[in-house]
Amino acid sequence: VSVINKIAAGEIIVAPANALKELLENSIDAGSTSIDIVVKDGGLKLLQITDNGHGINREDLGILCERFTTSKISSFEDLTKIATYGFRGEALASISHIAHLTVTTRSKESDCAWRATYLDGKLAPVKGGATADPRPVAGRIGTQILVEDLFFNVPSRLRAFRSAGDEYNRIADVVGRYAIHSEGIAFTCKKQGEAHHSLITTAQASTVDRIRTVYGAAIANELVKINVAGDKRLGLVGASGYATNANFNAKKSYQPVLFINHRAVTCDPLKRALSQLYSAFLPKGGHSFTYLSLLIAPDKLDVNVHPTKREVRFLNEDDIIQRVCESVQHALGEVDT
Ligand code: ADP
Ligand code: MG
């Protein structure tokens with residue numbers, strides 16, 4: 001069973017950036033206003049994420065890493081209208097099969113923090129074979145997740161990583177996207193042992209400030225606001241974001257920063273439509289930047305995509321993409337031809 005779990009986990013978590021994305025989403029779901037990330041060796045040696053969210057109750061720590069342990073779905077009804085998608089209680093379980101996982105957490109009901117270490121979905125036995133119970137430690141309200149030696153028991157996966165630098169850049173890309181999308185949350189991200197942060201935002205920073213921090217002033221100074229009205233018939237609750245204006249013309253291309261129902265995703269048809277729209281007025285080879293947050297009625301979203309695939313599907317895709325493009329065009333001051 002352990003081997004099967006290990007293989008399954010290795011298919012879900014294929015790189016440190018996948019694990020980090022899941023941990024980030026958990027911290028955001030916990031209502032955090034501050035999230036700090038520390039990474040060593042591209043996340044393969046260490047991934048540490050510290051939040052000030054609502055924490056986890058001590059009595060929930062024993063089963064935290066069992067598959068399908070989730071506090072986010074409490075009935076079948078919830079499952080049919082789930083607004084999030086992906087792991088559904090599998091992230092921490094998966095990580096515990098392919099890394100050393102330590103959780104330190106304190107909820108507001110508790111006088112102290114509790115620390116637990118996990119192995120293969122269960123509390124890790126201490127030396128001598130006794131079962132380890134969570135132990136009390138000093139700590140503030142919130143949760144710290146420590147993932148060490150990711151893929152230590154999946155050598156084939158470990159061999160596939162070329163450089164810690166590339167893996168760190170993927171992690172920083174994920175953090176940057178969530179930092180842009182998460183107004184009200186302060187983020188920091190750095191490599192362990194370095195004083196310099198690769199990313200810092202305050203809780204108060206506006207969306208444009210956040211884009212400036214992550215992508216630079218050249219982009220942040222040339223943005224127009226996008227707003228797309230909802231349309232019940234299409235299952236579109238609404239959309240908003242920012243796009244670069246016609247003065248901006250990058251030599252390199254930027255992947256759109258796209259969120260659907262607050263999860264970072266990709267959507268190739270939308271990406272193509274946007275680049276086609278911009279190609280109508282940017283010089284040949286010029287590139288734009290867009291950040292879009294779409295809210296889609298949960299029953300119109302395909303939640304059955306494989307968790308590693310960030311590509312998302314939804315009903316009325318063509319119509320919704322057209323609405324988004326019309327809004328971008330309108331914001332850019334272009335008249336329909
Ligand atoms: P899911 O997010 O799909 O519920 P996970 O495996 O990612 O599944 O997490 C399992 C559960 O652990 C969550 O439902 C939540 O109750 C708890 N949890 C995980 N991370 C945090 C966190 N940072 N703060 C508070 N609770 C957390
Ligand atoms: Mg989760």
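In this predicted model, the buried residues of helix H4 pack against helix H1 (2-12), helix H2, and three strands: S3 (100-106), S4 (113-119) and S7 (142-148). Helix H4 is mostly covered, with eight of its eight residues buried. They are Ala91, Leu92, Ala93, Ser94, Ile95, Ser96, His97 and Ile98.

Helix H4 also takes part in the surroundings of ligand 1. The shell around this ligand holds 22 residues, and those that come nearest are Asn26, Ala30, Thr70, Ser71 and Ala91. Two elements give two or more residues to the shell, namely helix H2 (16-29) and helix H4 (91-98). By character, the shell residues divide into ten polar, seven nonpolar and five charged.

The protein chain is assigned two domains, domain 1 covering 2-201 and domain 2 covering 218-331. Taken over C-alpha atoms, the centres of domain 1 and domain 2 are 29 Å apart.

Another helix to look at is H7, made up of residues 207-215. Its buried residues are Arg210, Ile211 and Val214. Viewed down the axis of H7, these buried residues fall within an arc of 100 degrees, so they line one face of the helix. Their packing partners include two helices, H6 (164-181) and H8 (217-220). The buried residues of H7 also pack against the strands S9 (199-201), S10 (223-228), S11 (236-244) and S14 (290-296). After H7 comes Gly216, which has a positive phi, near 100 degrees.

Methods:
Residues numbered from 1 in each chain as written. Chains lettered and ligands numbered in written order. Predicted model: local features only at pLDDT ≥ 70, side-chain atom pairs only at ≥ 80, totals over all residues. Domains from an automatic or database assignment. Near = placed C-beta within 6 Å. Helix = DSSP H or I, 4+ residues; strand = E, 2+ residues; numbered from the N terminus. Nonpolar A, V, L, I, M, F, W, Y, C, P; charged D, E, K, R; others polar. Buried ≥ 20, exposed ≤ 12 C-beta atoms within 10 Å, placed from the backbone. Arc of directions from axis to C-beta. Contact = placed C-beta atoms within 7 Å.
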